[in-house]
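Reader: I am new to this structure and would like to know what stands behind the labels used for it. Please show it first.

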Amino acid sequence: MTLTPDLATDVPVDDTDPFGHEHLEDPLPFHHALREAGPVVYLSRYDVHAVGRYEQVHAALVDWQRFQSAAGVGLSNFRTEEPWRPPSLLLEADPPRHDAPRRVLTSVLGQRALRTLRERWTADAEQLVDQVLAAGTEFDAVPALSEAFPLRVFPDAVGIGHDGRENLLPYGDHAFNAFGPPNDLVQKGEHRVAQLSGWVGEQCAREALTDDGFGAAIWAAADRGEITPQQAPLVVRSLLTAGVDTTVHAISAILYAFATHPDQWARLVADPSLARVAFDEAIRWESPVQTFFRTTTTDVRIGDAVVPEGRKVLMFLAAANRDPRRWADPDRYDLGRDPSGHVGFGMGLHQCVGQHVARLEAEAVLTALARRVRTIELAGPTRRHHNNTLRAWESLPVRLTVD
Amino acid sequence: MLGVEQVGARGRSGTDRSVVQVQDKVQVAEGVVTLTLAAPDGGRLPDWAPGAHVDLTLESGLTRQYSLCGDRWDAHTYRVGVLLEPASRGGSRYVHEQLAPGHVLGLGGPRNDFPLVPAESYLFVAGGIGITPILPMLAQADLLGADWRLLYGGRTRGSMAFLDELSVHGDRVQVRPQDEHGLLDLAGFLGDPRPGTPVYACGPGPLLTAMERACAGWPARALRTERFVAAEQAAPVRTTAFDVELHRSGRTVTVTPDTSVLEALSAAGVEVLSSCRQGTCGTCETTVLAGRPDHRDSLLDDDERAAGDCMYPCVSRSCSDRLVLDL
């Protein structure tokens with residue numbers, strides 16, 4: 001990392017490519033350097049500013065007035081560049097246009113609305129864990145658990161049909177790659193993007209959805225005039241884009257954390273009520289969503305520097321979640337810690353609207369595993385899956401012992 | 001300055017989230033004052049959207065609801081308008097006669113039972129102090145490029161607040177004091193029913209009743225109203241300490257006025273997972289087994305509040321001496 005004082009603004013300059021494969025494989029050294037360089041750093045490679053300390057990341061996340069989302073939450077600036085798809089009404093919108101879609105989705109995915117799913121998902125998780133363990137106690141946890149459970153419960157909860165569900169993960173993977181620069185990760189998805197987008201779009205129509213899922217609830221809100229009929233399919237699309245890959249990688253993050261921290265697994269087995277804390281601590285520790293961009297709406301002072309109006313600012317949620325200024329012994333996965341306040345789900349009015357869904361899925365899987373599994377360990381070399389936004393595993397071979 | 005002001009105590013603690021300080025008090029019409037409210041530490045206040053109200057708890061323990069009528073792009077202050085009601089049981093009289101800059105009030109919400117739904121055109125009708133929730137809606141409709149008109153009635157011109165601010169909108173706004181124009185001509189203002197045009201109305205009960213009649217021929221849900229009568233609070237909220245009994249462990253934790261339930265639990269070694277600490281994300285939802293919560297969140301609707309079976313301990317407190325939580 002090079003630190004060249006920028007004469008105009010006195011911001012540390014860094015020419016690292018945080019989207020390069022070396023850094024996607026292990027982003028922690030760069031996150032450390034970014035935090036230590038200062039409250040804000042200029043990334044010359046992409047002509048953007050970056051924040052990595054908890055204080056500045058949190059502050060930028062909640063300050064929607066000065067850090068807007070409607071110019072895109074990726075590197076691409078929608079003020080000057082055409083988005084690859086119609087912008088999200090949630091993620092890529094500001095008040096006032098953001099208000100109504102957000103209000104509807106907050107209600108559809110609220111903790112109280114999910115109560116009816118808890119029992120069903122708990123049973124689904126127990127069934128899945130029983131099936132997996134019946135087939136053997138050594139397996140790759142990514143397809144067997146991390147992918148299997150969300151794909152088993154979430155598309156049903158939204159209410160989409162059974163055909164084509166294999167498109168969900170590649171679509172999400174591409175959407176999250178597309179927040180980064182147009183590198184090889186984006187290029188590899190481009191040949192399929194029209195087909196995948198087309199399929200996802202078809203699933204968002206009222207006729208394509210069951211009458212009892214999240215999708216139907218969104219259309220019912222349109223019938224009540226709370227959103228327009230034109231907005232409804234795009235709100236459903238948000239669920240399908242952001243609701244699958246994220247939970248898959250979050251469940252992988254927990255399994256990896258436990259496989260490498262056996263004392264913490266023993267703690268969970270002894271007290272399964274720690275499942276909720278275990279999940280949020282894994283979100284803090286691994287940050288499945290690593291980064292998002294904002295765009296300044298005015299000149300903003302960060303530390304001693306002024307970021308001019310109209311600039312992209314890259315927020316490293318993952319770096320903030322391990323900032324020693326905020327967290328004691330941040331690299332340790334610790335169920336004794338209170339992970340409250342981590343920014344792995346973002347913060348403020350764009351905070352992950354599906355966080356209660358994610359927690360419920362994770363709690364179901366962890367509780368089912370803790371009921372039967374005494375130890376978890378890695379059974380072979382692990383392999384990362386690279387994505388411009390997500391921290392993910394391609395393969396997690398594990399060996400379990402059961403009662 | 002991006003930094004300490006937003007994080008510091010506010011980011012980590014719910015303590016100062018539960019109060020606001022009066023920054024300014026201005027008489028804006030006969031019998032109407034506006035209050036400018038800010039967090040005592042100068043930090044960001046919780047986000048809101050047009051139609052939202054806050055609960056303000058006055059010194060006496062009385063809680064009153066006031067629509068936010070300021071600028072949501074100013075994250076650091078709220079503005080509310082307060083009418084002196086002759087039949088006041090203490091709320092508006094206290095605000096008009098005793099409340100002064102520097103005083104601190106309890107804060108609940110913001111909550112929004114009167115949200116602006118997306119549309120290409122709107123009609124607004126306000127009576128008297130009912131103008132307050134409408135005011136930010138007009139700014140929003142302008143931002144969205146929507147077509148809109150406002151009919152604003154009141155007893156006399158001198159009693160009608162915000163006429164200066166409304167004058168920038170030109171002939172979109174019809175100001176109709178009763179002593180000059182008589183009763184509002186609702187039928188004339190509304191014209192023929194127009195599908196896709198929501199009608200927002202706020203004001204005294206008789207006006208809203210008249211609006212319901214006038215909109216009888218409009219599509220279902222076209223008329224959206226907020227009754228401008230202070231919801232009857234069952235009892236004054238407490239400003240003194242209370243006990244929280246933890247059902248599963250049998251322990252009891254005392255919550256003093258200067259700390260949140262969440263903080264008191266944490267200090268006693270009982271961690272409840274939370275996130276926003278503003279009563280907006282819902283992460284810390286906790287089941288209430290006994291006692292009556294003093295709800296300060298932005299999430300529960302009136303029915304859910306009345307049920308009293310759950311609370312958000314990052315901001316909500318207790319009306320009763322004791323709360324029993326499923327912890």
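Author: What follows goes through some labels, each set against its cut-off.

Reader: What kind of model is this?

Author: The model is predicted, and side-chain atom pairs count only at pLDDT 80 or more.

Reader: Why is R165(A) with D156(A) called a salt bridge?

Author: The closest N and O atoms of R165(A) and D156(A) are 2.7 Å apart. A salt bridge needs a side-chain nitrogen of Lys or Arg within 4 Å of a carboxyl oxygen of Asp or Glu, so the pair qualifies.

Reader: Why does R165(A) count as buried?

Author: Its relative accessibility is 12%. Buried means under 20%, so R165(A) falls in that class. D156(A), with a relative accessible area of 39%, is partly exposed because that value lies between 20% and 50%.

Reader: What makes D302(B) and R111(B) a link between distant parts of the chain?

Author: D302(B) is in helix α9 (residues 302-307) of chain B, and R111(B) is in strand β6 (residues 104-112) of chain B, 191 residues apart. The two form a salt bridge with their closest N and O atoms 3.2 Å apart, so the limit of 4 Å is met.

Reader: Is R111(B) buried or exposed?

Author: R111(B) is buried, because its relative accessible area is 4% and the cut-off is under 20%. D302(B) counts as partly exposed at 47%, since the exposed class begins over 50%.

Reader: Why is R248(B) called exposed?

Author: R248(B) has a relative accessible area of 59%, and exposed means over 50%, so the label applies. R248(B) meets D326(B) in a salt bridge of 3.2 Å, N to O. R248(B) lies in the loop between β12 (242-246) and β13 (252-255) of chain B and D326(B) in the segment after β18 (322-325) of chain B, so the bridge ties together parts 78 residues apart in sequence. D326(B) counts as partly exposed at 25% relative accessibility.

Reader: What makes helix α9 of chain A mostly covered?

Author: Seven of the ten residues of this helix (214-223) are buried. They are F214(A), G215(A), A216(A), I218(A), W219(A), A221(A) and A222(A). Among the elements that cover them are α4 (99-108), α5 (115-135) and α15 (355-372) of chain A. Just after α9(A), G225(A) takes a positive phi of about 85°.

Reader: Why is S287(A) called buried?

Author: S287(A) has a relative accessible area of 1%, which is under 20%, so it is buried. S287(A) sits in the loop between α13 (275-286) and β7 (291-296) of chain A. Leaving aside neighbours within four places in sequence, S287(A) is in contact with A282(A), L317(A), A318(A), N321(A) and R391(A).

Reader: Why is R152(A) called partly exposed?

Author: The relative accessible area of R152(A) is 24%, which lies between 20% and 50%, so neither of the other labels fits. R152(A) is in helix α6 of chain A. A polar contact of 3.5 Å joins its side chain to that of Q131(A); the limit is within 3.5 Å.

Reader: How do you know that domain 1 and domain 2 of chain B touch?

Author: The domain assignment gives domain 1 (15-110), domain 2 (121-227) and domain 3 (242-325) in chain B. The contact takes 19 residues from domain 1 of chain B and 16 residues from domain 2 of chain B, and contact means heavy atoms within 4.5 Å. The two domains bury about 1,300 Å² between them. The count between them is one salt bridge, and E165(B) forms a salt bridge with R79(B) at 2.9 Å.

Reader: What joins chain B and chain A?

Author: The count between chain B and chain A is six salt bridges, and there are 17 residue pairs in polar contact. The side of chain B that touches chain A has 20 nonpolar, eight polar and eleven charged residues. R112(A) and E304(B) meet in a salt bridge at 3.1 Å, N to O, so they satisfy the limit of 4 Å. The area buried between the chains is about 3,600 Å², with 51% from carbon and sulfur atoms.

How values were computed. Residues numbered from 1 in each chain as written. Chains lettered and ligands numbered in written order. Predicted model: local features only at pLDDT ≥ 70, side-chain atom pairs only at ≥ 80, totals over all residues. Heavy atoms only, no water. Domains from an automatic or database assignment. Buried area = accessible area lost by both parts, 1.4 Å probe. Polar contact = N/O pair within 3.5 Å; in protein donor to acceptor, adjacent residues only side chain to side chain. Nonpolar A, V, L, I, M, F, W, Y, C, P; charged D, E, K, R; others polar. Buried < 20%, exposed > 50% of the residue type's maximum accessible area, 1.4 Å probe, protein only. Helix = DSSP H or I, 4+ residues; strand = E, 2+ residues; numbered from the N terminus.
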